[in-house]
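The following exercises are to be worked through with the sequence and the three-dimensional model at hand. Each task is followed by a stepwise solution.

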Amino acid sequence: MDDKVMDLLGKILEDQTETNSQLKELTSQVQKIETKVENDLGYKIKALFDAREVQNEKNDTIINALERIETKIETLQMETTHVRKVK
């Protein structure tokens, strides 16, 4: 009976050692993945925000130009209407 118990305890210890080894390996892999995600995605997210800022500035420039064009067109329409009335 003692031999069976000792064999079972030996197998349990062996399995636990293997499980601990696998757990350490998985922990190492998770740390590598976390590092990669922090580095790669961090730069990509920063680049997206920078691109968004550049696009917003460009949109503002275009909107301002359109507003100036709209104002000029309104002025020209009023002048054209005035000239038509005078003829």
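**Exercise 1: Salt bridges**

With a relative accessibility of 41%, E53 counts as partly exposed, because buried means under 20% relative accessible area, exposed over 50%, and partly exposed in between (1.4 Å probe, protein chains only). The model is predicted: local features need pLDDT of at least 70, side-chain atom pairs count only at pLDDT 80 or more, and totals for chains, interfaces and linings use all residues. Residues are numbered from 1 along each chain as its sequence is written, and side-chain values use heavy atoms, leaving out hydrogens and water.

Task: Determine how many salt bridges a search of the whole structure finds, and describe the partners of E53 and D50.

Solution.
1. A salt bridge requires a side-chain nitrogen of Lys or Arg within 4 Å of a carboxyl oxygen of Asp or Glu. Searching the whole structure yields two.
2. E53 pairs with R52, at 3.5 Å from N to O. R52 is also partly exposed, because its relative accessibility is 46%.
3. D50 pairs with K46, and their closest N and O atoms are 3.4 Å apart. D50 and K46 are four residues apart in helix α1, so about one helical turn separates them. D50 counts as partly exposed because its relative accessibility is 39%.
4. As a general principle, side chains of opposite charge can pair when their charged atoms come close.

**Exercise 2: Overall form**

Task: Establish how many helices and strands the protein chain has, and compare its radius of gyration with that of a compact globule.

Solution.
1. Helices (H or I, at least four residues) and strands (E, at least two) are DSSP runs, numbered from the N terminus. The protein chain has one helix and zero strands. Helix α1 covers residues 2-86.
2. The radius of gyration, taken over C-alpha atoms, is 37 Å, whereas a compact globule of 87 residues would have a value near 12 Å (2.2 Å times the number of residues to the power 0.38).
3. Along the principal axes, the C-alpha atoms fill a box of roughly 125 × 20 × 5 Å.
4. S28, found in helix α1, is 20 residues from L8 in sequence and 30 Å from L8 in space, C-alpha to C-alpha.

**Exercise 3: Burial**

Task: State what percentage of the 87 residues of the protein chain count as buried.

Solution.
1. The share of buried residues is 0%.
2. V5, in helix α1, serves as an example: V5 is partly exposed because its relative accessibility is 38%.
3. S28 is likewise partly exposed, because its relative accessibility is 30%.
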